[in-house]
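Have your viewer ready with a cartoon representation and a selection box at hand. We will go through the chain stop by stop, with something to select at each one.

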Amino acid sequence: MPSKSTIGCAIEECQQFLHSIQNIPRIKALFDGVSGGKPKIECRPCSDEGAEGSARAALFNDIPPTLVLCTNRLNVRDLQEAVTHELIHAYDYSNARCNFYECDGLAYTEVRAARESECSKYYPFEFLRNYCIQEHATRSTANLFGNGARDCVKRVFDAANADLHPLPKPTEKDAIHMPDSETSLIGPQLESRTPPK
Ligand SMILES: [Zn+2]
């Protein structure tokens, strides 16, 4: 019988997974592109309080950035989605590509992150992907900016969606299967940030 205990993964599984993806071109491009050194990634259970709140993963803006994968909230099949999403943020933040503390800036990186993670599966029509991206980016941006988030996403969508830095061309995309896990996208999915130093 399904129960709450089916959510999550073992720390070892998470670490093995990280090892298995390190040479995937798009993951590597993000890793190498983060300014200030390669991001550290920790696999561990997250607490219910503060920065880790109800997040599935969190990004801490240390130098180099630290990315936490919450093993008590992520299934193995969701790990790649979470890693990719956070690495996009780490790349954008560390290279000061947008201002995370302004609505348009956060919306910009959320559009890019959603495009490469939650909405990266195959879609028969591009407008379906765009819809997915807009919805996810709006939800994530709204965690900090509330009702204004949708307008921010609309304003930056075209530019952000066309911005593929530093990813390899789509034809070189990794072959790892992306799970059909749209339904698992819940609430405030990330993203607690510590203020920049
Ligand atoms: Zn995000």
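Here is the tour, starting with the whole chain and then moving to its parts.

**The whole chain**

Keep in mind as you look around that this is a predicted model. Colour by secondary structure and you should find six helices and three strands in the protein chain. Followed along the sequence, they come in the pattern α-α-β-β-β-α-α-α-α. Of the 197 residues, 40% are buried. For a view of the fold as a contact map, take the contacts with a separation of 6 or more: 73% of them join residues 24 or more positions apart.

**The sheet**

Now select the three strands. They form an open sheet in the order β1-β3-β2, and the pairing is mixed. β1 and β2 stand at the edges with a single partner strand each, so one side of each has no neighbour in the sheet. From one strand to the next, the twist averages 20 degrees.

Stay here and take the two pairings in turn. As a reminder, strands of a sheet pair through backbone hydrogen bonds, either parallel or antiparallel. β1 (residues 40–44) and β3 (residues 66–70) run in the parallel sense and share five bridges. To see one of them, select Glu 42 and look across to its bridge partner in β3, Val 68. On the other side, β2 is antiparallel to β3, with four bridges between them. Here, select Leu 59, which stands opposite Leu 67 in β3.

Next, show helix α1 (residues 11–21), which packs on the sheet and touches β1 and β3. The direction of α1 makes about 155 degrees with that of β1.

Which residues of β1 lie on its covered face, and which on its uncovered one? Turn on the side chains of residues 40–44 to see: Ile 41 and Cys 43 are on the covered face, while Lys 40, Glu 42 and Arg 44 are on the uncovered one.

**The loop between β2 and β3**

Move to the loop that links β2 (57–60) to β3 and select Asn 61. Asn 61 has 18 other C-beta atoms within 10 Å, and it is partly exposed because buried would take 20 or more. Then add Ala 90 to the selection: Asn 61 and Ala 90 are 29 residues apart in sequence, but their C-alpha atoms are 7.8 Å apart in space.

A little further along the same loop is Pro 64. The peptide bond from Ile 63 to Pro 64 is cis, with omega near -10 degrees. There is another cis bond to visit, from His 165 to Pro 166, with omega near -5 degrees. Pro 166 is in the segment after α6 (149–162).

**From α3 to α4**

Select α3 (79–94) and α4, and centre on the loop between them, where Ala 96 lies. Phi of Ala 96 is near 50 degrees, a positive value in a residue other than glycine. Is Ala 96 buried or exposed? It has 11 C-beta neighbours inside 10 Å, and it counts as exposed because the limit for that class is 12 or fewer.

Now look at the two helices themselves. α3 and α4 pack at about 145 degrees with their axes 8 Å apart, and their crossing is right-handed. Show Thr 84, His 85, Ile 88, His 89 and Asp 92 on α3, then Thr 109, Arg 112, Ala 113 and Glu 116 on α4, and you have the contact. By class, it holds two nonpolar, four polar and three charged residues.

**From α4 to α5**

Keep α4 (residues 103–116) on screen and add α5: the pair packs at about 140 degrees, with axes 8 Å apart. α4 and α5 are therefore oblique to each other, and their crossing is right-handed. On the α4 side, the contact includes Leu 106, Val 111 and Arg 115; across from them, α5 brings residues including Ile 133, Leu 144 and Phe 145. The residues of this contact divide into nine nonpolar, three polar and two charged.

For the last stop, select Tyr 131 in α5 (residues 126–145). Tyr 131 counts as partly exposed, with 13 C-beta neighbours inside 10 Å. Add Cys 119, which is 12 residues away along the chain: the C-alpha atoms of Tyr 131 and Cys 119 are separated by 9.1 Å.

Notes
Residues are numbered from 1 along each chain as its sequence is written. This is a predicted model: local features need pLDDT of at least 70, side-chain atom pairs count only at pLDDT 80 or more; totals for chains, interfaces and linings use all residues. Two strands pair if DSSP finds at least two bridges between them. Two residues are in contact if their C-beta atoms, placed from the backbone, lie within 7 Å. Axes are lines fitted to C-alpha atoms, for helices over the stretch in contact, and angles run from 0 to 180 degrees between N-to-C directions. Angles under 35 degrees count as roughly parallel, over 145 as roughly antiparallel, 65 to 115 as roughly perpendicular and the rest as oblique. A crossing is left-handed if the near helix is turned anticlockwise from the far one by less than a right angle, and right-handed if clockwise. Ala, Val, Leu, Ile, Met, Phe, Trp, Tyr, Cys and Pro count as nonpolar, Asp, Glu, Lys and Arg as charged, and the others, Gly among them, as polar.
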